[in-house]
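I opened the notebook today to record what I looked up in this model, taking the nucleic acid side before the protein side.

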Number of protein chains: 2
Amino acid sequence: MLSLHQLTVFLAVYEQGSLTRAAEELGYAQPSVSEQIRGLERTLGVTLFRRVGRGVVPTTVADTLRPHAERTLAAAEETRLAAQRVKRFETGTIRFGMFGVARLYAGAGLVADVLARHPGVRVELVGQNSSEVAEDLRRGRLEAAMIAMPSVESEGMQVTPVARDEIVYISADPETLSSPITAKKLAQASLVMPETTWRSTDSVRTLLRQMLHETGVNPATRIEVEDVEIAVELVGLGLADSVIPRGAAVQLLPRLAPNAGWVSMKPKLYDMFAVVHRAGATLSPAAQLMIELATKRIQSIATPM
Amino acid sequence: MLSLHQLTVFLAVYEQGSLTRAAEELGYAQPSVSEQIRGLERTLGVTLFRRVGRGVVPTTVADTLRPHAERTLAAAEETRLAAQRVKRFETGTIRFGMFGVARLYAGAGLVADVLARHPGVRVELVGQNSSEVAEDLRRGRLEAAMIAMPSVESEGMQVTPVARDEIVYISADPETLSSPITAKKLAQASLVMPETTWRSTDSVRTLLRQMLHETGVNPATRIEVEDVEIAVELVGLGLADSVIPRGAAVQLLPRLAPNAGWVSMKPKLYDMFAVVHRAGATLSPAAQLMIELATKRIQSIATPM
DNA sequence: CGAATCTATAGGCTCAGCCTTGAGATCGCA
DNA sequence: TGCGATCTCAAGGCTGAGCCTATAGATTCG
């Protein structure tokens, strides 16, 4: 079997024209070098050096093989270097899970943070919905993720809360916003709920259901959409009200529904942000970096825990 | 230390997504594959696969490293193939020593023979004079050579005669050619001697000296030139006569001195062609090929021995 | 919830690969 | 010509890499 070691020794002998000098250069004893060359000659089935009195002389076969050996060793070295560069975040890909409204808190800004520190890396923020992220984590395609309160059953998953954010009621009607929203008011409301929020915030969904159930009314969502942005736009158009995390409201209302505002619920509800990864896993430096930066960014908007 | 074996196993695992399946593909037991991957991860200092329940999943580091690993293995394979091609004479360089008048007998035609059999190879016929060829053989730069009777001291050299050729006297004067040249006639002649012939044909030189000495005359060479071609041309111009091997005369006279002819010496003298290489060396297939072809070609002109 | 599947670990074996020592060959110089 | 220096090769011993079998632990699937 051909080996990089054999090629290294071959080149050393070729350049030195002597087994002894090659051995010195490589830090080996001379017989070891001799054995390597013999082994290479045997595996290739050719004679590489003519043993002639004092020293050895490369054959024309050795001349032919030399550039190939050099290319092979260069490629191997390049492989090694690539690993080192990835280790130092000079290159490579960092993949991180993030779904639900979490991306509103730490999406583009998080990517910017990573690129500011490590200009060479590729960043992938993956995850459309909770089940996809949960699946990716379970299957190992994702090492870690930042999510807005997992409906992910924590089967074998380690969930670490990092911040919480109030759930608020948003509306384009100033009258509605004049006082906190009680269960009774909520039951009478006409709501648009984004799928992402709805699905990702288990506690909120449960609490909302509870509040609605108390009034004897079934799901009051008049409209269901995929993106929270669309929900906010619809609120801005006065077609419905909605319930979203405060950070999302602060960030989206001015841009998508400048005429709308937000008010607390009564009692107050909270959404939760958490880091999640497989229980018992040792996190890679890349994952640790992403967790650190995402946590920092989310905690600057929501309330640290 | 990085090894090709590790990279091979790495790619197998990457493609199969499973240590067990990779082990089957490679014909190993599963723990061996596990050990190789662990070794590679240790030498590179990175995590390549996330062990997750059933099977393993490549990390982004593995994604980055894969093309490098593939390139490295491809280069190694190319090295191996290059050796095989050289072995089969599909490519590579064949170097063969040949000096003196031998090239007139087997020069261009010999190259043609080699290329006809092995179109891919490079052919080098090296050697200007006997001492250079002798030195190259001694130093190992040349594996074997076909020479016209060595002044090479056969110190550690194995010399195998393959043919002999008569030494003839050439002249542009028909009168001179009417009968064999005796020592007496030779002493009176005005000669042009080519360095190559002069130096390479030890026996001839000795015999000529002897013949001349018997008549009490010192070296009768009026002109000394480097190439036998020039000597023949001078003979054609009628400026001097010369003494060269018969084969050379047959080949060169019609072309360079059509008005000249040749006649035997009396007693007859013979030049010798021989294969020479280091004593005790096992000849490479390339050298054996050259010896075979060169011998065949020379023997078709000169007298086999 | 049990069977199947997969990885990790432990223990044992063989051989590659390194070392040291010494023999054999060659070269350079007195 | 002979002797010392230099170099390769051969032999023997040692360590560790690498492979195996058997088994435990974890996860998935029916």
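Entry 1, the surface near the DNA. I began with composition, bearing in mind that this is a predicted model, and I noted that the residues near DNA strand C comprise ten polar, five charged and five nonpolar ones. The surroundings of DNA strand C amount to 20 residues, and I listed the closest as A:His5, A:Ala29, B:Leu19, B:Thr20 and B:Arg54. I then asked which part of the strand faces the protein, and found that sugar and phosphate make up 69% of the atoms of DNA strand C that come within 4 Å of the protein.

Entry 2, phosphate contacts. I looked up individual side chains next, and for B:Thr20 I found a polar side-chain atom 2.3 Å from a phosphate oxygen of DNA strand C. For B:Ser34 the corresponding distance from a polar side-chain atom to a phosphate oxygen of the strand is 2.9 Å, while in chain A the side chain of A:Gln36 places an N or O atom 3.0 Å from a phosphate oxygen of DNA strand C. Turning from residues to elements, I noted that two or more residues of this surface come from each of helix H3 (30-44) of chain A, helix H2 (19-26) of chain B and helix H3 (30-44) of chain B. Of these, H3(A) gives the largest share, with four residues.

Entry 3, domains of chain A. I checked the domain assignment and wrote down domain 1 as 4-85, domain 2 as 93-161 + 273-304, and domain 3 as 163-272. Between the centres of domain 1 and domain 3 of chain A, taken over C-alpha atoms, I recorded 72 Å.

Entry 4, chain B against chain A. How many residues does each chain bring to the contact? I found 40 from chain A and 40 from chain B, and the two chains bury about 3300 Å² between them, 68% of which is on carbon and sulfur atoms. The interface holds four salt bridges by the rule, one of which I looked up by name: B:Arg95 pairs with A:Asp63, with the closest N and O atoms 3.8 Å apart. I also noted twelve residue pairs in polar contact between the chains.

On the side of chain B that touches chain A, at least two residues each come from helix H1 (4-16), helix H4 (60-87), strand S3 (93-98) and helix H7 (130-139). The largest share there belongs to H4(B), with 19 residues. By residue class, I recorded this side of chain B as 16 nonpolar, twelve polar and twelve charged.

Methods:
Residues numbered from 1 in each chain as written. Chains lettered and ligands numbered in written order. Predicted model: local features only at pLDDT ≥ 70, side-chain atom pairs only at ≥ 80, totals over all residues. Heavy atoms only, no water. Near = heavy atom within 4 Å. Polar contact = N/O pair within 3.5 Å; in protein donor to acceptor, adjacent residues only side chain to side chain. Nonpolar A, V, L, I, M, F, W, Y, C, P; charged D, E, K, R; others polar. Domains from an automatic or database assignment. Contact = heavy atoms within 4.5 Å. Buried area = accessible area lost by both parts, 1.4 Å probe. Salt bridge = Lys/Arg side-chain N within 4 Å of Asp/Glu carboxyl O.
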